[in-house]
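Got your viewer open? Load the model and keep the selection box handy; we'll go through it stop by stop.

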Amino acid sequence: MRILFLLMPFLLLSGCTSTNHDRFLIEPVASATTIRTDARTISVSTVNLPTYAKESGIFVQNGAGAIVAIPKADWADDTERAMRLFLVRSLAEISGAQVASDPWPLGGVPEAEIRIDVEQMLVDSSNTMRLSGQFSIRRDRAESRSRIRQFSIAAKARSNGPADVVAAHGEAWQELAKVIAKAM
């Protein structure tokens, strides 16, 4: 009991020093683009992000080239999960196909499986969103068109404020969905 009484000020102080950060979601970006694919069912199996992009903070690149978190701004969801689900929604909207995140929730197997490996995902000091890496489309059919492609996408952020940075992420990932749909 005496130990608890002695620790009480420290416990109270630690509760007072925690800071609340604003949390941001990537809002769906409406697209007037329609790109039909020959795959009617598509699974987005994996989205691999760089270490800094997996963290809860929203990162930008400063003028010195350092990758730094925007103060008091965090993603509202696990970043890999959020980007995967954003891509699922965008691909479904653009292609008209049934698109889901892995594991495939329907019977059978999807006609195409997509994997994304991101090497860069941030807004640089010129307020340009840079999204680059590679994606692969795997199909099990013998006559399939499986492929691996590089991508490099840029989208302009209005500022380096968190809302504008997040909006630029949405535009870049929407463009990646178009690139993938065209490659199918």
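What follows is a walk through a predicted model, from confidence to strands, core, rings and charged pairs.

**Stop 1: colour by confidence.** The chain averages a pLDDT of 85, with 88% of its residues at 70 or more. Now select residues 2-17: that's helix H1, which has the lowest mean pLDDT among the elements, 46. At the other end of the scale sits strand E7, residues 128-138, with the highest mean, 95. Narrow the selection to residues 10-18 and you have a stretch where the pLDDT is below 50, with 0 contacts in the model beyond near neighbours in sequence. Where pLDDT is low, the predicted coordinates shouldn't be read in detail, so let's move along.

**Stop 2: the strands.** Select residues 112-123, strand E6, together with E7. These two run antiparallel, paired over 10 bridges. Show Val-118 and look across to E7 for its bridge partner, Gly-133. E6 and E7 make a hairpin with 4 residues between them. Click on Asn-127 in that turn: its phi is positive, about 65°.

Now add residues 41-48, strand E2. Which way does E2 pair with E6, parallel or antiparallel? Parallel, over 6 bridges. To find your place along this pairing, label Thr-46 and Arg-115 of E6, which stand opposite each other.

**Stop 3: the core.** The largest nonpolar core holds 50 residues. Show these members as sticks, since they touch the most other members: Leu-91, Ile-116, Met-121, Leu-131, Trp-173, Leu-176 and Ile-180. Which helix supplies the largest share of this core? Select residues 162-183, helix H4, which contributes 10 residues.

Centre the view on Leu-91 and bring up its surroundings. Leaving aside residues up to four places away in sequence, Leu-91 touches Val-44, Gly-96, Val-99, Ile-114, Ala-177, Ile-180 and Ala-181.

**Stop 4: two rings.** The structure has 2 aromatic pairs. For one of them, select Tyr-52 and Phe-59: the ring centres are 6.2 Å apart and the planes meet at 65°, so this is an edge-to-face pair. Are these residues buried or exposed? Both Tyr-52 and Phe-59 are buried.

**Stop 5: charged pairs.** There are 8 salt bridges in the model; here are three to pick out.

- Arg-139 and Asp-38: the side chains meet at 3.0 Å, N to O. This pair links distant parts of the chain, 101 residues apart. Arg-139 is in the loop between E7 and strand E8 (147-156), while Asp-38 is in the loop between strand E1 (22-24) and E2. Turn on a surface and compare the partners: Arg-139 has 5% relative accessibility and counts as buried, whereas Asp-38, at 41%, is partly exposed.
- Lys-54 and Glu-80: N to O is 3.8 Å in this salt bridge. Lys-54 belongs to helix H2 (residues 51-54) and Glu-80 to helix H3 (residues 79-95), so the pair ties together parts 26 residues apart in sequence. With 43% relative accessibility, Lys-54 is partly exposed.
- Asp-164 and Arg-158: here the side chains form a salt bridge at 3.9 Å, N to O. Arg-158 counts as exposed, at 76% relative accessibility.

**Last selection.** Put E6 back on screen with both its partners: E2 pairs with E6 in the parallel sense, and E7 pairs with E6 in the antiparallel sense.

Note on methods. Residues numbered from 1 in each chain as written. Predicted model: local features only at pLDDT ≥ 70, side-chain atom pairs only at ≥ 80, totals over all residues. Heavy atoms only, no water. pLDDT = per-residue confidence, 0-100. Contact = heavy atoms within 4.5 Å. Phe/Tyr/Trp six-rings, centres within 6.5 Å; stacked < 30°, edge-to-face > 60°. Buried < 20%, exposed > 50% of the residue type's maximum accessible area, 1.4 Å probe, protein only. Pairing = 2+ DSSP bridges. Core = buried A, V, L, I, M, F, W, Y, C linked by side-chain atoms within 4.5 Å. Salt bridge = Lys/Arg side-chain N within 4 Å of Asp/Glu carboxyl O.
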